[in-house]
Every structure is written in C-alpha cells, then in structure tokens.
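Welcome to a short guided tour of a protein model. Keep the 3D view open while you read, and try to find each feature as it comes up.

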Amino acid sequence: QVQLVESGGGLVQPGGSLRLSCAASGRRITYYAMGWYRQAPGKQRELVALSRVGAEIYYSDAVKGRFTISRDNANNTVYLQMDNLMSEDTAVYYCNQGIVITLRTPGDYWGQGTQVTVSS
C-alpha cells in the first residue's frame, strides 16, 4: 500500500523559507514521478513542482526561481525547498506520486497535505 506523509509546513513571515518533506512508503520513488501541488482557500489545486524519472523538472511560473524540488532516493523522500515566500504561497501543500504526472493529470496517490501560511 502506497502512503505519502508530508511534513514541514507552518507559519512563516514573508521573505522566509520552509522545507517540506514527503516520506513515501509502499514503493520506491526512484521509479515514479513525484509532484507537489497546493490548494489555497477558494481555489483549485495546482501543480507547483514536478520531478519526473530521468531528472526532468518542472516548476510553475508562480514559484520558478524560488522553489526547488529534490529527491532523496535512499530515504525514499521528496523535498520542496521554498524560499522568498510570499503571502500568495499560503495554501495546503500536497505530495503526489504516479507512474506519469502531466501538467493536466496528477498521479494516483496523494498525501494528507501540510498547511503553509505566509503572514507577518
């Protein structure tokens, strides 16, 4: 059974940083695409960062240059380093895993989400 557990969210001031973690169990992330999505109140869930097998990386325009997705295959964990956070980044962040993740279609498995709040 695949499980994804996010951690690392919290309250941070504008301009600050957070690192989110997604610990996966049930199958090795080495063989799967991993994505980070977010959903703000009243908005649709959106893809912010994607790491495909083969090292292909995607970032949404909203986070490009500020967020970095990375994998630790040995520990079966994916990270999202978020720098220079802005109030618009406030959302619940979700980890996602699938054989294929495209810009329009998420993978099959989701974590429970972790809240990120950017406020002074």
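Let us begin with a charged pair: the side chains of D89 and R38 meet in a salt bridge, with 2.9 Å from N to O. These two partners come from distant parts of the chain, since D89 sits in the loop between β8 (77–82) and β9, while R38 belongs to strand β4 (residues 33–39), and their positions lie 51 residues apart in the numbering. Keep in mind as you look that this is a predicted model.

Are the two partners buried or exposed? D89 has a relative accessible area of 1%, so D89 is buried. R38 has 6% relative accessibility and therefore counts as buried too.

**More salt bridges**

R38 has another charged partner, because the side chains of E46 and R38 also meet in a salt bridge, at 2.7 Å from N to O. E46 counts as partly exposed, because its relative accessibility is 34%, above the 20% under which a residue is called buried. These contacts belong to something wider: R38, E46, R66 and D89 are linked in a network of salt bridges.

How many salt bridges does the structure hold? The number is five. Another of them joins the side chains of R52 and E56, with 2.8 Å from N to O. R52 is partly exposed, with a relative accessible area of 23%, and E56 counts as partly exposed at 45%.

Here are the three pairs described so far, with their distances:

| Salt bridge | N to O distance |
|---|---|
| D89 and R38 | 2.9 Å |
| E46 and R38 | 2.7 Å |
| R52 and E56 | 2.8 Å |

**A covalent link**

Next, look for the sulfur atoms. A search of the whole structure finds one disulfide. This disulfide joins C22 to C95, with the sulfurs 2.1 Å from each other. Like the pair of D89 and R38, the two cysteines come from distant parts of the chain: C22 is in strand β3 and C95 is in strand β9 (residues 91–98), 73 residues apart. Where do these cysteines stand, buried or exposed? Both C22 and C95 are buried. The torsion about their S-S bond is about -80°, which means that the disulfide is left-handed.

**Strands and a sheet**

Now step back to the overall fold. The protein has 11 strands and zero helices, so reading from the N terminus you meet β elements one after another. Four of the strands form an open sheet in the order β1-β3-β8-β7, with antiparallel pairing. β1 and β7 stand at its edges with a single partner strand each, so one side of each has no neighbour in the sheet. On average, neighbouring strands of this sheet are turned by 15° against each other, direction ignored.

Two of the pairings can be followed residue by residue. β1 and strand β3 (residues 18–25) run antiparallel and share five bridges, and S7 has S21 in β3 as its bridge partner. At the other edge, six bridges join β7 to β8, again in the antiparallel sense. There, R71 has V78 in β8 as its bridge partner.

Strand β1 (residues 3–7) also shows a neat alternation of side chains. Which residues point to the buried face? L4 and E6 point to one face and are buried, whereas Q3, V5 and S7 point to the other and are not.

**Two asparagines in loops**

Most residues other than glycine have a negative phi. Two asparagines here have positive values. N76, in the loop between β7 (67–72) and β8, has a phi near 55°. N84, in the loop between β8 and β9, has a phi near 50°. Their surroundings can be compared as well: N76 is buried, with a relative accessible area of 6%, whereas N84 is partly exposed, with 44%.

**The whole protein**

Finally, consider the overall dimensions. The C-alpha atoms fill a box of roughly 40 × 25 × 25 Å, taken along the principal axes. A compact globule of 120 residues would have a radius of gyration near 14 Å, and the protein has 13 Å, which agrees. Buried residues make up 44% of the 120 residues. Among contacts with a separation of 6 or more, 57% are between residues 24 or more positions apart.

Note on methods:
Residues numbered from 1 in each chain as written. Predicted model: local features only at pLDDT ≥ 70, side-chain atom pairs only at ≥ 80, totals over all residues. Heavy atoms only, no water. Buried < 20%, exposed > 50% of the residue type's maximum accessible area, 1.4 Å probe, protein only. Pairing = 2+ DSSP bridges. Disulfide = S-S within 2.5 Å. Salt bridge = Lys/Arg side-chain N within 4 Å of Asp/Glu carboxyl O. Axes fitted to C-alpha atoms, helices over the stretch in contact; angles between N-to-C directions. Rg over C-alpha atoms; globule rule 2.2 N^0.38 Å. Contact = heavy atoms within 4.5 Å.
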